[in-house]
Amino acid sequence: MKVKEDFLLRKVAGCYVVVPVGRATVDFNGMLNLNETGAFLWEKLQNDTTKEELVASLLKEYEIAEDIASRDVDVYIKKLEDAGLIE
């Protein structure tokens, strides 16, 4: 899975936001606010990756239990899928 090309991550005034560009502006109104961890995962999703790779990246970057990382990645992926931001 990876993020669709028509969405960009930007840091604005210390906040991470995902904004639509191009034809995505027609279907997606608004922006998505991300925390630091969400932005970290978003960057990993710029290239085709798996859930397992995302969990491994979280474990390497942050001090977190594997079961919590796995659950958090599931929630994150679901939110991006529901918003139509990944393929």
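What follows is a walk through the helix packing, the nonpolar core and a few individual residues of this predicted model.

A good place to start is helix α3, which runs over residues 51–61. Four of its residues, Leu54, Val55, Ser57 and Leu58, are buried. Viewed down the axis of α3, these buried residues fall within an arc of 160 degrees, so they line one face of the helix. Turn to the other side of α3 and the picture flips: Glu52 and Lys60 are exposed there. As for what the buried residues of α3 pack against, the partners are α2, spanning 36–44, and α4, spanning 66–82.

Those partners also meet one another. Helices α2 and α4 pack at an angle of about 70 degrees, and their axes are 12 Å apart. With 65 to 115 degrees counting as roughly perpendicular, that angle makes α2 roughly perpendicular to α4. On the α2 side of the contact sit Gly38, Leu41 and Trp42, and they meet Val73, Tyr76 and Leu80 of α4. Sorted by class, the contact of α2 with α4 comes to five nonpolar residues, one polar residue and no charged ones.

Several of these names come back in the largest nonpolar core, which has 22 residues. The members that touch the most others are Phe7, Leu41, Trp42, Leu45, Val73, Tyr76 and Leu80. Strand β1 (7–12) and the helices α2, α3 and α4 each put in at least two residues. The largest share comes from α4, with five residues.

Two core members show how the helices come together. Leu41 touches Leu54, Leu58, Val73 and Tyr76, setting aside residues up to four places away in sequence. Val73, for its part, lies in helix α4 and is buried, with a relative accessible area of 0%. Not counting residues up to four places away in sequence, Val73 touches Leu41, Lys51, Leu54, Val55 and Leu58. Thr50 is 23 residues from Val73 in sequence, and the two are 10 Å apart in space, C-alpha to C-alpha.

Leu45 is another member of the core that touches the most others, but this one belongs to a loop, the stretch between α2 and α3. Leu45 is buried too, with a relative accessible area of 0%. Neighbours within four places in sequence aside, Leu45 is in contact with Met1, Lys2, Val3, Leu54, Tyr76, Leu80 and Ile86. Ile68 is not on that list of contacts; Leu45 and Ile68 are 23 residues apart in sequence and 19 Å apart in space, C-alpha to C-alpha.

Then there are residues at the other end of the accessibility scale. Asp82 is found in helix α4 and counts as exposed, at 56% relative accessibility. From Asp82 to Asn35 is 47 residues in sequence and 18 Å in space, again C-alpha to C-alpha. Ala13 lies in the loop between β1 and β2, the latter covering 15–20. With a relative accessibility of 78%, Ala13 counts as exposed. There is also something to note about its backbone: Ala13 has a positive phi of about 50 degrees although it is not a glycine.

Notes
Residues are numbered from 1 along each chain as its sequence is written. This is a predicted model: local features need pLDDT of at least 70, side-chain atom pairs count only at pLDDT 80 or more; totals for chains, interfaces and linings use all residues. Side-chain values use heavy atoms; hydrogens and water are left out. Buried means under 20% relative accessible area, exposed over 50%, partly exposed in between (1.4 Å probe, protein chains only). The arc is that of the directions from the helix axis to the C-beta atoms. Contact means heavy atoms within 4.5 Å. A nonpolar core is a set of buried Ala, Val, Leu, Ile, Met, Phe, Trp, Tyr and Cys residues joined through side-chain atoms within 4.5 Å. Axes are lines fitted to C-alpha atoms, for helices over the stretch in contact, and angles run from 0 to 180 degrees between N-to-C directions. Angles under 35 degrees count as roughly parallel, over 145 as roughly antiparallel, 65 to 115 as roughly perpendicular and the rest as oblique. Ala, Val, Leu, Ile, Met, Phe, Trp, Tyr, Cys and Pro count as nonpolar, Asp, Glu, Lys and Arg as charged, and the others, Gly among them, as polar.
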